[in-house]
Every structure is written in C-alpha cells, then in structure tokens.
Amino acid sequence: MTTPVPPSLLEGIRVIDLTWILVGPGATRILSSMGAEVIRIEPTAPTRVDLGRFVAPFIRDEPGPPDDPYGLDLSLPERLDRAGYYFNVNPGKRGIRLNLNTPEGKDLFRRLVAIGDVLTENFSAHTMDKWGFGYEALRAIKPDIIYVQMSGMGYTGPEQNYVSYGPTAQSLSGLSYQSGLPEPAPPAGWGYSYLDHTGSYYGAMAALCGLLYRQQTGEGQHIDVAQEALGLVLTGTALMDAVVNGRQSERTGNRSPYRPAAPHGAYPCAGEDRWCAIAVFSDAEWQALCEAMGHPGWTAKPVYASLESRLQHQDELDTDVASWTRHHRAEEVMQRLRAKGVRAGVVQTPEDKVRHDPQLRQRGYYVDVTHSRFGPLPVENTPIHYSETPVHPGGPIMRGAPRWGEDNDYVYGELLGLSASEIADYADRGII
C-alpha cells in the first residue's frame, strides 16, 4: 500500500505572473515551489522578452556566426531558451506569449485574471494603470484578486514615477554606501543585485499574507512592495545609530565593525583568486593561530602581543598574515586553523558551492529539473523545508523553466477554451 502524498501548501492557487528579470520571478519561483500554478506572461516580440533570457552563462552554448559571436540572433527564437540565469530563476512555471498592446491581447488578459488568484508584476509604479489594469480594474474582473506590485519606490510618494532596478534601489536605500573599504576608498556597492534577491522573498511573503487574508475574509487586496524601503530595513543598526545617536555609518571593509578582532579579514591563498576568511577575537585565539601557522618570525613582533595593540596595527598585521596564507591552499588554511580552535572559512566560488560543499550536498540544495529542450539540469532547490508539506523547484508540473511561449496551447486552449484554429490565428497576428 502506497503512502498518499500530502497536498502542496498552495495547491489549487493560480498566479498570473507579469514579472521579469529577478525580483519578481524570484518571488513567483517560491510560490511555484509551494505548489501554485504560475503562468508567466512574456511579450510576443523577441526583442521585448524577459532580459534574464540574455544573461550568460548559456546552456550548452554554441558559438554564433562571426557577425553574432554571442549567438543572440533573435531571428532564431530557440536562442531565447539557453540562459542559465533564466533557467535557475523560473523553474516550475508555465510560459505564454501575449501582446498587451492590442485590444485582443487585453481581452485575453482579462480572461486570465478572471481565473487567477494572485497577480504579480514588477514594472514601474503606474505601468498597469496605463494599460488599463490598475487595481480597481483588476477588482472589477476578479473581486478577490491579490495584486502584488513590486516597484522600485512604491506606488505613492514624490518618487513613485522613478524607474528602478535592484542596484538603483540599493544605492537609494544606503546599502551601497555601506559596502566597501573604509575612507578614503569610495563605496564599492554590491557586486550583485542583492536587493533583488531580498525583494523576491518579501514579495513571496506578501503574496502568502494576502492569500491568508483572503482565506480569513474572502476579500482580495492591493499589496504595494517598495524595493527601496526593503533596502532601508536591511541597513539595520546603521539607521538606528544615525537616528538615536547622530552618528554616520562608516565602512569597515573586512574588519569587524562591532566586536574587536585582529586579525579579521579575507586573506589570499595559493591558486588563482583563492581566499580564506580568518577571525581572531582574543589573545588566546591569537596564540592558537600562531601555533597553527608554525610560529613564523613576524608573529613575535611586540606590536602583536595584545589584541589592543594588534587593532592599532591591522594593516601591517594583514600583510604579515597574507605572507603565510598565500603559500597554502585555502582549504588547508581553514582546516589547520579550525583544528586549533581559530575561526576560519574558505571564501567559496560558485563551483565550490555547487560541486564541493558537503553541507549543501547533504541538504539537497541543488537538484535536477527537466528542461523540455535540454533535459535534466541543476537548479537551486527551495531553501525552505516543511515537515508535512512538499516543496520542489520544479513546481506542480515538475519541469524546468518554460521555453518562450511553451504553454500557449495549454493556457489558451485548456484553460481559456480557445480552439486550435483560434490559437493559430492569434499567433499569426502576433497577439499570442
């Protein structure tokens, strides 16, 4: 007798997804992994599709001709399905094409909203209003719709019309200013769109809260998520220190900003761009580090005798520690120091994370999902695990990211009831 599989948390919930790039698709990826049917809508023009489809690396890339070395000739639509970035952010979703700039496209969109539970988008604040699909118009179609809007500055306020991407919101929130080496070095900002990832989780949580509210009251609502405000939340103690104490945030680079520690930083190791982070918080830990390194001569400098003195000579100390670490593999440095009770950790590359990290391997953080063109490919698993409720990045359809317009027949035919000839006619006229 087989054990019945428990229902997914969001089984029976349908998300109409207009999001693109990362912050929005990341949110709907989480909803899909929890069992929601997510229907991604992309434009019918190949030059207007989700920009994530153009981000390298490409799956099984084939070199393009001399006049198109990166293989981005959009007269070949299959090239839109190769981006590993897009594949990792959008597994488990349905994908359709729809031209919302046509009357027929708008009518099809209304029919989709009518069968949806959640509508998500991350355009600039009033794009949906301009299309004629602001919240009041959506409510007229589906009174209990949960409309999750994820714009840069929010739907209201003097900056509501600003166009923003994750790095823009990061700068305006102060996060970019706080990142980097101390003065006089300039702010470094974030090397990646960190706030897009953060916004994804907040967007998913907002949708879940909206669904809970609807379950309790029977009513939908407009949820306005401002990405800049999410960044302000992450400034944490720096914002509080400015408000309460009048102190301006100062960048500390790799130094410990609150608890005294020296050495404290990331140190170069043998090999190309290999590093190990080391943190020493006491004189006892300093002696343990010296023992792990084999007591090189420089460790006997009088200025390193106490934590207080080491804090006053951190630049010199970093240079000396690096003179030892650079002759050893990062993994060896970590193991030798940890064996003596010194905090140390390899600064991992993407390859380290995917192929060599034992914790992530045991947790099943990377799993294969099947792409309809390329077959099984690894993606990041959902980091949230429930003891009683299954989650899977392949969503309810257990599939990889959709090809451009892959599910037109299913959505327009099976869900909306269009005939094959109607679907073909709409496709020929560039509506779907």
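This is a short exchange about a three-stranded sheet and two pockets in a predicted model.

Modeller: Residues are numbered from 1 along each chain as its sequence is written. The model is predicted, so local features need pLDDT of at least 70, side-chain atom pairs count only at pLDDT 80 or more, totals for chains, interfaces and linings use all residues, and side-chain values use heavy atoms, without hydrogens and water.

Colleague: What makes S7 and S8 a pair?

Modeller: Two strands pair if DSSP finds at least two bridges between them. S7 and S8 (residues 274–279) have six, in the antiparallel sense. Therefore they count as paired. Pro268 stands opposite Trp275 in S8.

Colleague: What makes S7 and S9 edge strands?

Modeller: The open sheet runs S7-S8-S9, with antiparallel pairing. S7 (264–269) and S9 (343–346) each have a single partner strand, so one side of each lacks a neighbour in the sheet. The twist averages 25 degrees from one strand to the next.

Colleague: Why is S7 called a strand, and H12 a helix?

Modeller: Both are DSSP runs, numbered from the N terminus: helices are H or I with at least four residues, strands are E with at least two. H12 covers residues 314–325.

Colleague: Which strands does H12 touch?

Modeller: H12 packs on the sheet and touches S7 and S8. Contact means heavy atoms within 4.5 Å. The direction of H12 makes about 35 degrees with that of S7. Axes are lines fitted to C-alpha atoms, for helices over the stretch in contact, and angles run from 0 to 180 degrees between N-to-C directions. H13 (residues 330–339) touches S7, S8 and S9, and makes about 160 degrees with S9.

Colleague: What makes a space a pocket, and not a cavity?

Modeller: On a 1 Å grid over the protein atoms alone, a cavity is a set of points where a 1.4 Å probe fits but cannot get out. A pocket is an open set with protein on both sides within 12 Å along at least five of seven lines. Lining residues have an atom within 4 Å of a point.

Colleague: How many residues line the largest pocket, and which lie nearest its centre?

Modeller: The lining has 42 residues; Asn88, Pro350, Val354, Tyr366 and Glu380 lie nearest the centre. S8 is among the elements that supply at least two residues.

Colleague: And which residues lie nearest the centre of the second largest pocket?

Modeller: Leu18, Trp20, Arg48, Asn122 and Phe123, out of a lining of 43 residues. S2 gives the most to that lining, with three residues.
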